[in-house]
There are 2 protein chains.
Amino acid sequence: MISGKIKAPAPVIRRLSNYHHLLMGLRQRQIQRISSTALAEMVEYNPVQVRKDLQLTGLIGKPKTGFLIDEMEDAIRRFMGWELEFQAVLFGVGNLGSALLRYPWREEHGLRFIAAFDSDSARCNILVNNIPVYHTEYFPTFSAEHEIHIGIVAVPAGAAQKVADLLIKEGIKGIWNFSHAHLKTPAHATVENAVFTQSLAILTRRLVESQVTGLGKESS
Amino acid sequence: MISGKIKAPAPVIRRLSNYHHLLMGLRQRQIQRISSTALAEMVEYNPVQVRKDLQLTGLIGKPKTGFLIDEMEDAIRRFMGWELEFQAVLFGVGNLGSALLRYPWREEHGLRFIAAFDSDSARCNILVNNIPVYHTEYFPTFSAEHEIHIGIVAVPAGAAQKVADLLIKEGIKGIWNFSHAHLKTPAHATVENAVFTQSLAILTRRLVESQVTGLGKESS
């Protein structure tokens, strides 16, 4: 059990997540320090806002020398709870589900898959990345025997609400939704929709702005 | 060819992309209208900021009646260029690459895959979701014969820079990077990193805030 903390506004969390992703890239390039101003430039945010966001994680930069990238990463990870271990189950072992099961979430984001479920028997009773895949019918039994913090919905949109209902019924508090369905859940549960189109939006808008030739009107 | 437009700040584009995702969900639930205040509440942004963002797309809401969801979606899609057709190629037909090839990007985001490439011969000369997969060596020949707007990098981090170099050499202006590598590219190219951990960050932070029990320290 960990102590409760003050509710951080969603936009702050989103920005901190962006900084974290950038910092991982800088670390890979063996860069050790960065100023909040340089960081702000890279993400196109206001430097004052970046400093405020970082302060919320408890980070205090030194004038002129800036921040140590390792310390920044650690502070953001602590803020997100990524140094903890969230036990997760995944529903829907199709292409996307399989990709998610193979992703190294545990290293950076504290997510540990303990099982996956699918309604197609042909996909069950196998291991994907050493994670067992069971039939969806087995979930209530599994849930009774395991502590589950996060349920990931990677089924088609039409089946998503049914999976969400199942997760709620079993008392799972956090749902990460990769389907396009808008899930209806009670207020005590947190549903977050995985939106990976933000970066596509920036990319396509930049292409529109730069007058790229040959962009046709969609025929369909 | 489309006319150039004023450069929109990245944070505005990111927020508009969030609104768009929400609006798709509301439309699925047959909701027709929403006020900017209600929208702001759903995304936890300041209503004034939401109204400013929407104005940038040319949208003007009517007092009291709010916005028509169809019109909002259309305005955001036009702003992003999603009513156009971006020809895209994808590198790396593993789990994630295959999932991306099967995703209906064309319907909502104007992305049309014309080919995929992989350096593993065993994955080549097949169709994935009707998209041909060729060997990476064939890319320069293919590129000479086709207009390509966006290159998607879905290879492992260690191979990502090589793919980016190849895309840049062939004059592709837009790169959507799904690897964890930080890609070095010339200034005339736009690289966007696909970050789908923003929503995970909100989810884990909310669980931390709500004192969920049983969150252990990572053993590894």
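Trainee: Hi! Where does Leu100(B) lie in chain B?
Mentor: Leu100(B) is part of helix 5 of chain B, which covers residues 95-102. Keep in mind that this is a predicted model.

Trainee: Is Leu100(B) buried or exposed?
Mentor: Buried, because its relative accessibility is 4%, and the cut-off for buried is under 20%.

Trainee: So which residues is Leu100(B) in contact with, leaving aside neighbours within four places in sequence?
Mentor: Within chain B there are Leu90(B), Trp105(B), Phe113(B), Ile152(B), Ala154(B) and Phe178(B). Phe196(A), from chain A, is in contact with Leu100(B) too.

Trainee: About Ala154(B), how many residues apart along the chain are Leu100(B) and Ala154(B)?
Mentor: They are 54 residues apart, with 8.8 Å between their C-alpha atoms.

Trainee: What about Ser98(B), buried or exposed?
Mentor: Ser98(B) also sits in helix 5 of chain B. It counts as buried because its relative accessibility is 10%.

Trainee: And which residues does Ser98(B) contact, with the same neighbours within four places left aside?
Mentor: Val93(B) and Val128(B) in chain B, plus Asn95(A) from chain A.

Trainee: Changing topic: what turn lays chain B on chain A?
Mentor: A turn of 180 degrees, with a shift of 0.0 Å along the axis and an RMSD of 0.0 Å. That is how a two-fold axis relates copies. The same surface serves both copies, as 100% of the contact residues of chain B recur in chain A.

Trainee: Nice! Which residue of chain B comes closest to the rotation axis?
Mentor: Phe196(B), whose C-alpha is 2.5 Å from the axis.

Conventions: Residues numbered from 1 in each chain as written. Chains lettered and ligands numbered in written order. Predicted model: local features only at pLDDT ≥ 70, side-chain atom pairs only at ≥ 80, totals over all residues. Heavy atoms only, no water. Helix = DSSP H or I, 4+ residues; strand = E, 2+ residues; numbered from the N terminus. Buried < 20%, exposed > 50% of the residue type's maximum accessible area, 1.4 Å probe, protein only. Contact = heavy atoms within 4.5 Å. Least-squares fit on C-alpha atoms with pLDDT ≥ 70 in both.
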